[in-house]
Amino acid sequence: MSRLVPPHGGGTLKPLLVPEAERAAGLKRAAGLRKVPMTSRETSDLVMLAMGAYTPLDGFMGEADWRGACGEMRLSSGLFWPIPITLSATKELADSIGVEEEVALVDAESGEIMGIMLVTEKYVIDRDFECSHIYRTTDPKHPGVQKVMEQGAVNLGGRVSALSEGAYPKQYKGLYLRPAETRALFAEKGWSRVAAFQTRNPMHRSHEYLAKIAVEVCDGVLIHQVLGKLKPGDIPAEVRVRAIDALVENYFVPGTAIQAGYPIEMRYAGPREALLHALFRQNFGCSDLVIGRDHAGVGSYYGPFDAQHIFDTLWDGALETKALKIDITFFCNKCDGMATARTCPHGEEHRLNISGTKLREMFAKREKVPTQFSRPEVLEVLQAYYDTLK
Ligand SMILES: [Zn+2]
């Protein structure tokens, strides 16, 4: 019998999307409200709230929760929460909104009304405080820090009723699965211990190896793609999905891997983001999250295993979902197989390493990428994509 981890907080899932029958009336009401534009990060957080991935939050955080999440990784209720989920507005707009006023939340990129928020707090944050805790740096070149520095001057907190999940359900039909849906799938398969494998890349053999280690020790693996915004130069989700499909079809035992996507926008906060990734995977029903090298990192802001070590600093009961910590994976020519730094005694010179930059160059020049690095079926999908960039 399937016994999945409970949603975060121990209660039931709390999707903030209003029932379909009530959405038209909600949109009509929202059209008459003052509009608050949301950045792409804020919109993606709203969709995470809508689908229930941020259970048990009931909206964008007020000041006490913001401060607690940054400084102590706790909400004012004491519940574990490692990254603030906030909405900002310009000072002019915030001044025009009264406390206890309802506002319409609008995706600034598409112009779509995404929800209604009852504004119960307006507050100004200390951006250096947030960045130094969450990103461990205030360097404006860090992409996550940059977004905090550029956001509006005033944060608005309050309960949210989501009226839309944007383009995701249609654009990623079959891939966009809500926490209630992944839980139902796991239960149907009789899975109890499920590892999430987070990816924003196509899966090469090192990623395949990580996911298969998870299959060895769990009932199955959820290959969970980031569908929200990425850095320029990253491979689009549609291409990644095709590459991963090609891998799973040809190299996984049927019924051991489920592919799904979720709408977060990466913050590249390294260790803190790894904790958030584990928290919402608990809501999706995953007991484990694969944490490899430099999870959710960018540049050289974090040590390669900082995202593993941070799990050891949590208090008992903070999180049900555990980190499945795995060392660097690679193909070793001397081992003549896939290995990790824990299992391969040979030197760096025997390991097949191709950097992302080098790989892009190889595709651009149509050079043959070794099949020890990536499966031919995957390479074919990626080559076809890179050919379109010319
Ligand atoms: Zn070796």
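This section describes the salt bridges, one sheet, the nonpolar cores and the surroundings of one leucine in a predicted model.

The structure contains 16 salt bridges. In one of them, the side chains of Glu101 and Arg34 come together with an N to O distance of 3.1 Å. Glu101 belongs to strand E4 (residues 101-107) and Arg34 to strand E1 (residues 34-38), so this pair ties together parts that lie 67 residues apart in sequence. Both partners have some access to the surface: Glu101 is partly exposed at 22% relative accessibility, and Arg34 is partly exposed with a relative accessible area of 38%.

A salt bridge is also formed by the side chains of Arg159 and Asp58, with an N to O distance of 3.4 Å. Here too, distant parts of the chain are linked, since Arg159 is in strand E6 (residues 154-162), Asp58 is in the loop between helix H2 (40-51) and strand E2 (59-60), and the two residues are 101 residues apart. Arg159 has a relative accessible area of 56%; because this value is over 50%, the residue counts as exposed. Asp58, at 28% relative accessibility, is partly exposed.

Another salt bridge lies within a single helix. The side chains of Glu63 and Arg67 meet at 3.5 Å, N to O. These residues are four residues apart in helix H3 (residues 63-71), which means that about one helical turn separates them. Glu63 is partly exposed, its relative accessible area being 28%, and Arg67 is partly exposed at 42%. Elsewhere, Glu165, Arg178 and Glu181 are joined into one network by salt bridges that share partners.

Strands E13, E12 and E14 form an open sheet of three strands, in the order E13-E12-E14, with antiparallel pairing. The edges are occupied by strand E13 (337-340) and strand E14 (351-352); each has a single partner strand, so one side of each is left without a neighbour in the sheet. Strand E12 (residues 329-332) pairs with E13 in the antiparallel sense over four bridges. Phe331 stands opposite Met338, a residue of E13. Helix H9 (residues 205-217) packs on this sheet, where the helix touches E12 and E13, and its direction makes an angle of about 70° with that of E13.

Turning to the interior, nonpolar side chains in soluble globular proteins tend to be buried together. In this model, the largest nonpolar core has 83 residues, of which Tyr54 and Leu105 touch the most other members. The greatest contribution to this core comes from helix H11 (residues 271-284), which gives seven residues. When neighbours within four places in sequence are left aside, the contacts of Leu105 include Val36, Met38, Leu46, Phe60, Leu87, Ile113, Met114, Met117 and Val160. Glu112 and Gly115 are also among the residues in contact with Leu105. A second, separate core consists of 32 residues, among them Val221, Ile223, Leu247 and Leu382.

Leu79 is located in the loop between H3 and strand E3 (87-89). With a relative accessibility of 22%, Leu79 counts as partly exposed, because buried residues must fall under 20%. Not counting residues up to four places away in sequence, Leu79 touches His8, Gly9, Pro56, Met73 and Arg74. The C-alpha atoms of Leu79 and Asp65 are separated by 9.8 Å, and these two residues are 14 residues apart along the chain.

Notes:
Residues numbered from 1 in each chain as written. Predicted model: local features only at pLDDT ≥ 70, side-chain atom pairs only at ≥ 80, totals over all residues. Heavy atoms only, no water. Salt bridge = Lys/Arg side-chain N within 4 Å of Asp/Glu carboxyl O. Buried < 20%, exposed > 50% of the residue type's maximum accessible area, 1.4 Å probe, protein only. Pairing = 2+ DSSP bridges. Contact = heavy atoms within 4.5 Å. Axes fitted to C-alpha atoms, helices over the stretch in contact; angles between N-to-C directions. Core = buried A, V, L, I, M, F, W, Y, C linked by side-chain atoms within 4.5 Å.
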